[in-house]
Amino acid sequence: MSDIVKHHQSQYRGWIYKWTNYLKGYQKRWFVLQNGLLSYYRNQAEMAHTCRGTINLANAFISTEDSCTFIISNGGAQVFYLKATSEVERQKWVTALELAKAEAIRMLEAESDDEESHQPDKFELQNTLRTLSAKLEDLNTCNDLIAKHGHSLQKTLTELEQLTDPTDITNKLKAVNERATIFRITTNAMINACAEYKDFTQTHGKRWQKVLQFEHDQRMKLEEMVEQLAKDQASLENKARKSLHNTKPDKSGSDEEDFFDALDHHVQEEFEVVLPHDPPLRHRRTDSDFSIDSANYNEDDMSSESEQEESDKARVYTSSKTGSPQKLKYEKSGHRRTCSYDKGKNRTTMPETNTVECVHSEGAALTQSKKIRRKRIPDRPNFSLNLWSIMKTCIGKELSKIPMPVNFNEPLSMLQRLTEELEYSHLLDNAGQCQDSAEQLTWVAAFTISAYAPTTSRTGKPFNPLLGETYEFDRRDDLGWRTLAEQVSHHPPTLATHSEGKDWTLSQEFTMTSKFRGKYLQIIPLGIAHLIFHKSGNHYTWRKVTTTVHNIIVGRLWVDSHGEMDIVNHQNGDKCHLKYAAYSYFSREIPRKVTGVVTDAQGTPKWVLTGTWDAQMECAQVLHIDESNKGKPVFETGPHKLLWKCNKPLPDYEKIYHFTQLSCELNEPEDGVAPTDSRNRPDQRFMENGQWDEANRTKVLLEEKQRAARRKREQEMETAKAEGRDLPLYQPMWFKKERDPITGNLIYRSTGEYWDCKVKKDWSRCPDIFL
């Protein structure tokens, strides 16, 4: 390395320029690359006490922007924009970073393999015990032979001492020699058996010590976890007893009563909404382990979001004096859906199921052939499983690195699970027909919320896609859209999707961080979704909220989604701020409640939303805002309109993994798809057919094949570096990395070549990833 980047054994240090949001420019910072971690400081003196930011290269993307600039991104959670003084210096840094990343990935895999080696399977344990028993039996046999032949030799020597005749002595000496030879052979056999036993025990002794230590550590963790569970239970019981003794608060003379008087008692219902943050934070997440900004976040920025106080709230009342809204009707040339107004319920309703009628461009009816799709999948077999034997080895691990048997899965891949979010795509079709952008945003918000509806009772884990695995779903004949998804990265695990409707395009890059904490499993999405409407050009972005699976160890599994979400229209500045309330045993709120408010670019509320993410969502237009009272502002709204209602479950849906109708159709075999399509994945197909033992065996083989392919790529990368050639980095088949003009981050965008290749039946670029 040069004098700019110094090499100290496995460590690189040097000055380099980094972009900081706080100073709005590149500032010189001291960077240290060591043990797969890239850290930076304001100066060298800070190394002893203050680190300004760190990225783990094992899960990072490294890309070059120009001759001097390069970018390091950690799945969108943290991004370093770095600038070298010359192209040579930049290349030295990039080379050092790529080597460090490869080494970090190897260390991660070695650590994972070491953990797996601590868990010998039943057959290995039986074989080891059988071998030890056989060797011990050999030792016993040798011991018996030594005792027998030793006694015989001693007897012969005693007889020799008693002889006086030289002839008899000569004959007896021959017998003594024979007995001594047999004894020597026996003792040599004993020595060899002891040596073999010693070698075997020494070879396996260290491993068994590690196994015992590993089991001891896991037992200690489990004891701590059970102890914490007991404390939590005692705390809950105490709170429950206290809540039973509490009386209901007296609301006489409250602000609510004053407001009722102001509205002349023409009020029907009340709820609260969380107002957008001021200053606005793009895609801010709360109620999770950490808060993430889609832009570059680190200590240098000294952003006000670390000091953001609790969100402001507003009270919402619906006035019955408001006249009835006009009847809403949405018609499309390709698909027709209508809404009607129910005066009795004072609400505008949507039909529960979509009535789809294909219409020709001139308006004449056009009959199209529709594929008849299956209605169910095979019932889930009832197999028992030792939960504790698996859970105790997973505490603290990343979800994507847990070697789970298919017993915990559902027969869908993560690519298909993300496609399932299009079940209520008619909400986007309706949004595309709106002239008012604020009203359009209510439909978009309802669509984002509807994506969580299938997760209410879906506790099965989707299959982790293999690198290069794809999934397509063409539903233009009945639902009006088609979609493509691909696993584009393995470290960190990242998938990209691209969906096309008649009036809209939806794309998203999905990666996540997750941890198994013993009592619950928390999934924190990091990717950002992009939705563009073709007619208006409105461009919306949002990031998903946190999902938590509770009662992993004790009790019935249940899923909760919680946090805050901002849906931003980058065309005109409109924003929808949604609050997913976390479930609480002692809250009076409706479980799984979601509230939201749509504001324009000036922050003026236009619409409010309320409902639950597992049942339905409603919206109401804001007619009047009262800010005269101190504290929370008060919104007066018109009648509520039903935006979305969850479809009814299938009969006996609990027997088919709680699947919806669309879920059952996702993995149906289909001709003409790419050889890398999830439908062709053998372990997933075995599981759907109820062959779980075969599915588990095939799953192990597929994962071993993927590891072998990764090791081969690493070797090719090292060879290329040694020869001074460019790095043969992995490139996705149907997506390419580009700069997102909205967030400024590098994201994966569709190349648009997949459907053309499908028409040509040209799958030559597809790798062989399945068996």
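Which residue stands opposite Ala485 in β18? Exercise 2 works this out.

**Before you start**

This is a predicted model: local features need pLDDT of at least 70, side-chain atom pairs count only at pLDDT 80 or more, and totals for chains, interfaces and linings use all residues. Residues are numbered from 1 along each chain as its sequence is written, and side-chain values use heavy atoms, with hydrogens and water left out.

**Exercise 1. Describe the confidence and the overall make-up of the chain.**

Step 1. Start with pLDDT, the predictor's confidence in each residue, from 0 to 100. The protein chain averages 78. A score of at least 70 is reached by 78% of the residues.

Step 2. Find the weak stretches. Residues 1–9 stay under 50. The model gives them 19 contacts beyond four places in sequence; a contact means heavy atoms within 4.5 Å. Residues 285–311 are also below 50, with 87 contacts beyond near neighbours in sequence. Where pLDDT is low, the predicted coordinates should not be read in detail.

Step 3. List the elements. The protein chain has 12 helices and 34 strands. Helices (H or I, at least four residues) and strands (E, at least two) are DSSP runs, numbered from the N terminus.

Step 4. Check burial. Of the 771 residues, 48% count as buried. Buried means under 20% relative accessible area, exposed over 50%, and partly exposed in between (1.4 Å probe, protein chains only).

**Exercise 2. Place strand β17 and find the partner of Ala485.**

Step 1. Locate the strand. β17 spans residues 470–475, and 6 of its 6 residues are buried.

Step 2. Look at both faces. Thr470, Glu472 and Asp474 lie on one side. Tyr471, Phe473 and Arg475 lie on the other. Both faces are covered.

Step 3. Find the neighbour. 6 bridges join β17 to β18 (residues 481–490), and the two strands run antiparallel. Two strands pair if DSSP finds at least two bridges between them.

Step 4. Read the register. Tyr471 stands opposite Ala485 in β18.

Step 5. Inspect the turn. β17 and β18 form a hairpin with 5 residues between them. Gly480 in the turn has a positive phi of about 85°.

**Exercise 3. Explain what two salt bridges tie together, then compare a third.**

Step 1. Fix the rule. A salt bridge is a side-chain nitrogen of Lys or Arg within 4 Å of a carboxyl oxygen of Asp or Glu. The structure holds 35 of them.

Step 2. Take Glu410 and Arg458. Their closest N and O atoms are 2.9 Å apart. Glu410 lies in strand β15 (residues 409–413) and Arg458 in the loop between α8 (437–450) and β16 (461–463), so the pair ties together parts that are 48 residues apart in sequence. Glu410 is buried at 1% relative accessible area. Arg458 is buried at 3%.

Step 3. Take Lys641 and Glu439. Their side chains meet at 3.3 Å, N to O. Lys641 is in strand β32 (residues 640–645) and Glu439 in helix α8, so this pair ties together parts 202 residues apart in sequence. Lys641 is buried at 5%, and Glu439 is buried at 15%.

Step 4. Now take Glu694 and Arg697. Their closest N and O atoms are 2.9 Å apart. Both residues lie in helix α11 (residues 692–722), 3 residues apart, about one turn of the helix. Glu694 is partly exposed, at 31%.

Step 5. Add a network. Salt bridges link Lys371, Arg373, Glu670, Asp677 and Arg679.

**Exercise 4. Identify two residues with an unusual phi sign.**

Step 1. Recall the rule. Most residues other than glycine have a negative phi.

Step 2. Check Asn35. Its phi is positive, about 55°, although Asn35 is not a glycine. Asn35 lies in the loop between β3 (25–34) and β4 (37–41). Asn35 is exposed, with a relative accessible area of 55%.

Step 3. Check Arg592. Its phi is positive too, near 60°. Arg592 lies in the loop between β27 (575–580) and β28 (593–599). At 21% relative accessibility, Arg592 is partly exposed.
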